[in-house]
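Trainee: I should like to learn how the features of a protein model are read, one at a time. May we work through an example together?

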Amino acid sequence: MNKKFQPSIEARKDIDFGLDADFPKYWNGNDPFRTRVMDALQLSFPDGERYFISSVRAFRDRITDPKLQHDVKEFTMQEAQHGIAHTKFNDLLAAQGMPMETILNELKEYIKRDQKKYSDEFNLALTAAYEHFTALLAETFFSRKEVTADIHPKMRALLAWHAIEEMEHRSVAFNVMKTVAKVGYIKRCTAMVIATRHTTKVMFDYADVLLKTDGYNWFQRRMMFIKNLNWMYGRKGILSSMLPKLLMYFKPSFHPEDIPVIHNYGEWVRVYDSTGNPHQACDALLAAAY
């Protein structure tokens with residue numbers, strides 16, 4: 001894939017991933033820790049997506065470039081669809097007995113505090129930082145076959161669709177931040193530090209809550225964490241493998257399009273466009289992965 005290739009942004013609606021009441025509790029290799037860490041990350045998506053939309057919309061009336069206006073519209077539609085899909089998955093977690101009402105209320109309050117505490121410009125800078133983080137997660141999970149090999153096919157299809165669209169709109173909030181809000185370098189970098197810290201905190205804090213609700217005691221949860229250190233922070237860990245490209249954000253001249261979309265991106269789009277089937281598209285994406 002050409003380094004400067006920028007995919008078009010397309011909102012794909014009403015996709016059925018087949019997630020239902022029979023979906024397995026521990027869908028990531030039957031591993032409670034790996035499943036709950038990813039559950040904890042995704043449970044923040046619906047409210048997070050709404051926050052991203054509102055942060056970008058705060059500058060909508062100041063956007064004069066037709067292409068950026070179009071991109072913001074498609075970004076909004078994509079993020080809205082992500083929120084709908086992950087809300088359905090959160091409903092499955094609630095059906096498992098997870099304390100979703102308490103968790104989601106806490107997340108809503110955190111977002112409200114940010115919106116009141118920070119300026120519109122800084123909330124937009126946070127959004128651009130979160131978008132960089134999630135676009136890199138997309139690469140981490142779907143550029144190599146082994147990363148998602150043990151994930152249930154239905155969840156894998158959901159994550160693949162979300163990953164594809166994160167790569168498509170990875171530049172939108174950043175472009176609004178730079179060209180419209182005129183956010184400077186220091187504010188942009190500060191936002192990335194806060195966004196990275198908050199994302200990892202949400203993952204681990206709420207994974208711990210979910211595992212505790214599952215019945216695992218403190219010692220068992222700590223042992224799970226230790227056991228999975230290599231999965232998270234090893235040479236090919238899901239978090240450590242992101243680090244070099246995450247740090248690129250701190251380069252003064254950085255732009256999201258400096259990082260190419262994953263080499264197999266086009267396979268997902270090609271198959272989905274011809275079939276409308278996210279499962280077949282995910283299979284094609286992984287077949288072309290390293």
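**Reading a model step by step**

Mentor: Let us begin with one residue: at 60% relative accessibility, Lys182 counts as exposed. The cut-off for that word is a relative accessible area over 50%. Please keep in mind throughout that this model is predicted.

Trainee: Where is Lys182 placed?

Mentor: Lys182 sits in the loop that connects α7 and α8. Its backbone also deserves a look, since phi of Lys182 is near 55°, a positive value in a residue other than glycine.

Trainee: Which value does phi take at Asp14?

Mentor: Phi of Asp14 is likewise positive, near 55°, and this residue is not glycine either. Asp14 belongs to the segment before α1 (32-43). Its relative accessible area is 72%, so Asp14 is exposed.

Trainee: How should I describe the secondary structure as a whole, and how many helices and strands are there?

Mentor: One counts the elements and then reads their order. The protein has 13 helices and zero strands. Its pattern along the sequence is therefore α-α-α-α-α-α-α-α-α-α-α-α-α.

Trainee: What does the radius of gyration say about the overall form?

Mentor: The value is compared with that expected for a compact globule of equal length. For 290 residues the expectation is near 19 Å, and the protein has 18 Å, which agrees. The C-alpha trace spans about 55 × 45 × 35 Å along the principal axes. As for the contacts with a separation of 6 or more, 83% are between residues 24 or more positions apart.

Trainee: What share of the residues is buried, and which ones stand out in the largest nonpolar core?

Mentor: Buried means under 20% relative accessible area, and 55% of the 290 residues count as such. The largest nonpolar core holds 96 residues, of which Leu43, Leu126, Phe142, Val176 and Trp268 touch the most other members. Helix α5 (residues 120-142) gives the most to this core, contributing 13 residues.

Trainee: Which residues does Trp268 touch, apart from those up to four places away in sequence?

Mentor: With those set aside, Trp268 touches Arg12, Ala160, Trp161, Ile164, Pro278, Ala281, Cys282 and Leu285.

Trainee: Is Phe59, in a loop, buried or exposed?

Mentor: Phe59 counts as buried, because its relative accessibility is 1%. The loop in question runs between α2 (45-57) and α3 (66-95). Leaving out residues up to four places away in sequence, Phe59 touches Asp120, Glu121, Leu124, Val176, Val180 and Ala181.

Trainee: Val176 has appeared again. Which residues of helix α7 are buried?

Mentor: A general idea helps with helices. An α-helix has 3.6 residues a turn, so residues three or four places apart point the same way. In helix α7 (residues 172-179), the buried residues are Val172, Ala173, Phe174, Val176 and Met177. These buried residues pack against α2, α3, α5 and α8 (185-214).

Trainee: How is the surface described, and how many charged side chains are there?

Mentor: One asks for the area and then for the kinds of atoms and charges. The accessible surface comes to about 13300 Å², and carbon and sulfur atoms make up 55% of it. There are 39 positive and 36 negative side chains, with the centres of the two sets 6 Å apart.

Trainee: What is the intermediate case of accessibility, as at Leu243?

Mentor: Leu243 counts as partly exposed, because its relative accessibility is 44%. This residue is found in helix α11 (residues 243-247).

Terms used:
Residues numbered from 1 in each chain as written. Predicted model: local features only at pLDDT ≥ 70, side-chain atom pairs only at ≥ 80, totals over all residues. Heavy atoms only, no water. Helix = DSSP H or I, 4+ residues; strand = E, 2+ residues; numbered from the N terminus. Rg over C-alpha atoms; globule rule 2.2 N^0.38 Å. Buried < 20%, exposed > 50% of the residue type's maximum accessible area, 1.4 Å probe, protein only. Contact = heavy atoms within 4.5 Å. Areas by Shrake-Rupley, 256 points an atom, 1.4 Å probe, with all protein chains shown as cover. Lys, Arg positive; Asp, Glu negative; His and termini not counted. Charge placed at Lys NZ, Arg CZ, Asp CG, Glu CD. Core = buried A, V, L, I, M, F, W, Y, C linked by side-chain atoms within 4.5 Å.
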